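This report walks through a single protein model. Please keep the sequence and the structure in view while reading.

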Amino acid sequence: MMAELVTIAVDVMGGDNAPQAVLDGIERVLAENPDIQVIACGLPEVVEPFAAAHERCKAQAASEVIAMDEHPANAVRRKKDSSIVVGCRLVKEGAAQGFFSAGSTGACLSAATLVVGRIKGIKRPALGQILPAYERPTLLLDVGANADCKPDYLVQFGLMGSVFMRQLMGVAAPRVGLLNIGEEEEKGSEFAVECHRQMKAALPGFSGNAEGRDVLTGHFDVVVTDGFTGNVVLKTVEGASKTLFRYIKDVFMASPKTKVGALLVKADLAEVKTKLSPDTYGGAPLLGVKGAVLVGHGSSGALAVANGIAKAAETVRADVAGVIAATLAEEAVQ
């Protein structure tokens, strides 16, 4: 029995490789997922011929494009017919249930907050990123939506992250950690100590401080921090992964003997590379808005776009936004 059809609005004009990589990604996800429908948002000369040639794809013309170097909030307010704003508007109006873009992260955050809207009670939406931790995937948030935070924001980040990991990743009782410089409660800045105090008092599943080395062990299901620190951690992990594979390649190419060894483990190394690649997870979920919004990496190729759209559909089916809203409502009653 086929699952209910889910409609995802896609920003065709967003990303370093747009529009072709986005169109290729849409084509791929439609071929692999008969229960997904796409609304392609972009310049009419780009999206209309593509939609006409593909089943389960509709075109939504957008006459403007927000560039990566534009001021996000200003661009969203000024370019109301941009592919990002149009896609978010489709979610707000109910024509689509989710939105995916590999365009300007800041513009996506602004449009999702201003157009789609925050869940009642959420003080700040947070951008999460699934990391390929060793034991099992870990959700790191915030990774860039909020550079400056208050302790109660991080309490809500932990709550939203727990819902995401339960609903989408099947973790029955997510362990939540606060990124800090030591395990002890009194470690870190005044901000970190106060965050620990509030999270310990109000957050089910809070398991204490997580040091930087814990981010990729899988000991925590959710690691919470402010958006500035989280973005630095994310970029550091990405850079370390690329550097590690360059070193491995140098070793295997060093001599005829090691080249033979490379052939023997080529498939295994490819599997490891897939696990570590951000393309595997497709995009970062923006938690705290009234809908499923996923933001892809700016350099996303067709695979990343396809996985991002599929993950947006999974987020819709898991009703992550609805469960977050219900959880907040329950807390307000208590």
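The text below covers domains, cores, one helix pair, some single residues and the backbone.

## Domains and cores

The model is predicted. The domain assignment gives two parts: domain 1 (1-122 + 288-319) and domain 2 (123-280). Their centres, taken over C-alpha atoms, are separated by 25 Å. Domain 1 puts 17 residues into the contact, and domain 2 puts in 14 residues.

Where does the largest nonpolar core lie with respect to domain 1 and domain 2? Both domains give residues to this core, so it lies between them. The core has 39 residues. Inside it, the residues with the most contacts are Ile84, Phe99, Leu127 and Leu286.

Several elements give two or more residues to this core. The helices among them are α3 (72-78), α4, α5 and α8 (227-252). The strands are β2 (36-42), β5 (126-131), β10 (284-287) and β11 (292-295). Helix α5 supplies the largest share, seven residues. Another core, of 33 residues, lies apart from this one. Its members include Leu159, Cys195, Leu203 and Ile324.

## Helix α4 and its partner

Helix α4 spans residues 83-93, and helix α5 spans residues 105-116. Their axes come within 9 Å and cross at roughly 35°. The crossing is right-handed. Which residues make the contact? From α4 come Ile84, Val85, Cys88, Arg89, Val91 and Lys92. From α5 come Ala107, Cys108, Ala111, Ala112, Val115 and Val116. By class, this contact has 10 nonpolar and two charged residues, with no polar ones.

Helix α4 is mostly covered, with eight of its 11 residues buried. The buried set consists of Ser83, Ile84, Val85, Val86, Gly87, Cys88, Leu90 and Val91. Ile84 thus appears among the buried residues of α4, in the contact with α5, and among the residues with the most contacts inside the core.

What covers the buried residues of α4? The cover includes the strands β1 (6-11), β2, β3 (57-61) and β4 (98-101). It also includes helices α3 and α5. After α4 comes Gly94, with a positive phi near 90°.

## Ser82 and Met169

Ser82 sits in the loop between α3 and α4. Is Ser82 buried or exposed? Its relative accessible area is 0%, under the 20% cut-off, so Ser82 is buried. With neighbours within four places in sequence left aside, Ser82 is in contact with Ala62, Glu64, Val65 and Ile66.

Met169 belongs to helix α6 (residues 151-169). Its relative accessibility is 28%; Met169 therefore counts as partly exposed. Not counting residues up to four places away in sequence, Met169 touches Ile130, Pro137 and Phe164. From Met169 to Glu186 the separation is 17 residues in sequence. In space, the two lie 32 Å apart, C-alpha to C-alpha.

## Backbone geometry

Most residues other than glycine have a negative phi, and most peptide bonds are trans. The table lists four sites that depart from this.

| Site | Feature | Value |
|---|---|---|
| Ala18 to Pro19 | cis peptide bond | omega near 0° |
| Leu141 to Asp142 | cis peptide bond | omega about 5° |
| Arg56 | positive phi | phi near 60° |
| Asp319 | positive phi | phi near 50° |

Pro19 is in the loop between β1 and α1 (20-32). Asp142 is in the loop between β6 (138-141) and α6. Arg56 occupies the loop between α2 (44-52) and β3. For Asp319, the loop is the one between α10 (302-317) and α11 (320-333).

How exposed are the two residues with positive phi in the table? Arg56 has a relative accessible area of 27% and is partly exposed. Asp319, at 43%, is also partly exposed. Both values fall between the cut-offs of 20% for buried and 50% for exposed.

Conventions: Residues numbered from 1 in each chain as written. Predicted model: local features only at pLDDT ≥ 70, side-chain atom pairs only at ≥ 80, totals over all residues. Heavy atoms only, no water. Axes fitted to C-alpha atoms, helices over the stretch in contact; angles between N-to-C directions. Helix = DSSP H or I, 4+ residues; strand = E, 2+ residues; numbered from the N terminus. Left-handed = near helix turned anticlockwise from the far one by under 90°. Contact = heavy atoms within 4.5 Å. Nonpolar A, V, L, I, M, F, W, Y, C, P; charged D, E, K, R; others polar. Core = buried A, V, L, I, M, F, W, Y, C linked by side-chain atoms within 4.5 Å. Buried < 20%, exposed > 50% of the residue type's maximum accessible area, 1.4 Å probe, protein only. Domains from an automatic or database assignment.
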